[in-house]
Amino acid sequence: MDLTEECPPDKIIYDAERGEYICTETGEVIEERAIDEHAEWRAFTPEEKAKKPRAGPPVDQSIHDLGISSTIDWRDVDVYGSKLNAEQKIRAMKLRKWHLRVRLESSEDRNLYQAMREIERLASLLNLPKAVKDEASIIYRKALEKNLVRGRSIDVIVAASIYAACRRMKVVKSLDEIAKYTKSKRSEIARAYRLLLEKLDIEIPLIDAKDYLMRIADAVKADMESVRKALEIIEKAKEMGITSGRDPAGIAAAALYIASLLTNRHITQHEIASAAGITDVTLRNRYKEMISVLKLKLDSQ
């Protein structure tokens, strides 16, 4: 017998604590263990309601299938936690094998799978934050859509994507640092980077000398007094217009070297130049320009 025929719809209430639909007239439980399909949040405007609905976990750009597909657990246990027997283990192994093949059925999927693994490897070796890794993944996906990967090494495009992502997020990493962990040459990565900028219309913000300063200071173990003084020197150099058209790494290195002399810390030119990824000659040239324009009387060490 259908209890809803005896109980009018307006007399049926839902008990959220018990998960039951109950008739208020007869006290009958019409349905138990019901799944509450209503949202646990409230929205008061259509715009607010449109922003709040969810449909599963967020996508992950660093996974080739965005992390929205299912996977077969590598542990040989069933749903109750019991270990599988020999026959079940073999079946599970075959299922994993075919599941992976289905996930990587197209050439584009296989390309993305390999590229995302390479991005993960480089990001780990370079100690890059997740935001940079995700940005590099997005750039690579766009390059794949534009057929920029065709005829080129995946490793080269991945390295160029990593470098572009670092530049976009203002994380200071040089081409030499990235090339050190790949099989590709620096010149190949630089060429691929220029291609990405041109074809994908990627906007790269200008990197300031201050962005390099903390990295250099950390490498040479400079104290905070020297760092603060170097920041003041960089600001004065900007005001005097001597930073325009100059490599920010060279400006930061020269400012830190001058600051070390002013604070009697005496870090050598070679140490600072090596940390900045520039030559000793470049450091000396920037040093001479800055002490001349800023009218600082110092003897090079």
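Met93 is exposed, with a relative accessible area of 54% (exposed means over 50%, buried under 20% and partly exposed in between, using a 1.4 Å probe and protein chains only). Met93 sits in helix α3, residues 86-103, and its C-alpha atom is 9.0 Å from that of Asp76, a residue 17 places away in sequence. The model is predicted, so local features need pLDDT of at least 70 and side-chain atom pairs count only at pLDDT 80 or more, while totals for chains, interfaces and linings use all residues. Residues are numbered from 1 along each chain as its sequence is written, and side-chain values use heavy atoms, with hydrogens and water left out.

**The chain as a whole**

- The secondary structure of the protein chain comes to 13 helices and 3 strands; helices (H or I, at least four residues) and strands (E, at least two) are DSSP runs, numbered from the N terminus.
- Of the 301 residues in the protein chain, 36% are buried.
- Taking contacts (heavy atoms within 4.5 Å) between residues at least 6 apart in sequence, 62% join residues at least 24 apart.

**Helix α4 and the loop after it**

- Helix α4 has 19 residues (107-125), which at 1.5 Å a residue should span 27 Å, and its end C-alpha atoms are indeed 27 Å apart; the expected span is 1.5 Å times one less than the number of residues.
- The buried residues of α4 are Asn111, Leu112, Ala115, Met116, Glu118, Ile119, Leu122 and Ala123.
- These buried residues are on the same side of α4 because they cover an arc of only 165° around the axis, where the arc is that of the directions from the helix axis to the C-beta atoms.
- Here is a handy rule: an α-helix has 3.6 residues a turn, so residues three or four places apart point the same way.
- The exposed residues Arg117 and Ser124 are carried on the face of α4 turned away from its buried side.
- What covers the buried residues of α4 includes α5 (130-145), α6 (154-168) and α7 (175-180).
- Asn127 follows just after α4, in the loop between α4 and α5; Asn127 is exposed, with a relative accessible area of 68%.
- The phi of Asn127 is near 60°, a positive value in a residue other than glycine.

**Another positive phi**

- Lys170 has a positive phi of about 60° although it is not a glycine.
- Lys170 belongs to the loop between α6 and α7 and counts as partly exposed, at 40% relative accessibility.

**Helix α10 and α13**

- For the 16 residues of helix α10 (224-239), the expected span at 1.5 Å a residue is 22 Å, which agrees with the 23 Å between its end C-alpha atoms.
- Ser226, Val227, Ala230, Ile233, Ile234 and Ala237 are buried in α10.
- Down the axis of α10, its buried residues fall within an arc of 120°, so they line one face of the helix.
- The buried residues of α10 pack against α9, α11 and α13.
- In helix α13 (residues 280-293) you will find Asn285, which is partly exposed, with a relative accessible area of 36%.
- Asn285 and Ile251 are 34 residues apart in sequence, yet their C-alpha atoms are 9.9 Å apart in space.

**Pockets**

- On a 1 Å grid over the protein atoms alone, a pocket is an open set of points where a 1.4 Å probe fits, with protein on both sides within 12 Å along at least five of seven lines, and lining residues have an atom within 4 Å of a point.
- The largest pocket holds about 650 Å³ of space; grid points are joined across faces, edges and corners, and a volume is the space filled by probe spheres set on the points.
- Its lining has 29 residues, of which Tyr163, Tyr212, Asp247, Pro248 and Ala249 lie nearest the centre of the largest pocket.
- The elements giving two or more residues to that lining are α6, α7, α9 (209-219), α11 (248-262) and α12 (269-276).
- By class, the lining of the largest pocket has 15 nonpolar, 4 polar and 10 charged residues (Ala, Val, Leu, Ile, Met, Phe, Trp, Tyr, Cys and Pro count as nonpolar, Asp, Glu, Lys and Arg as charged, and the others, Gly among them, as polar).
- The second largest pocket has about 180 Å³ of space, and its lining residues include Ser107, Glu108, Asn111 and Arg150.
- Helix α4 gives the most to the lining of the second largest pocket, with 3 residues.
- The second largest pocket is lined by 3 nonpolar, 3 polar and 3 charged residues.
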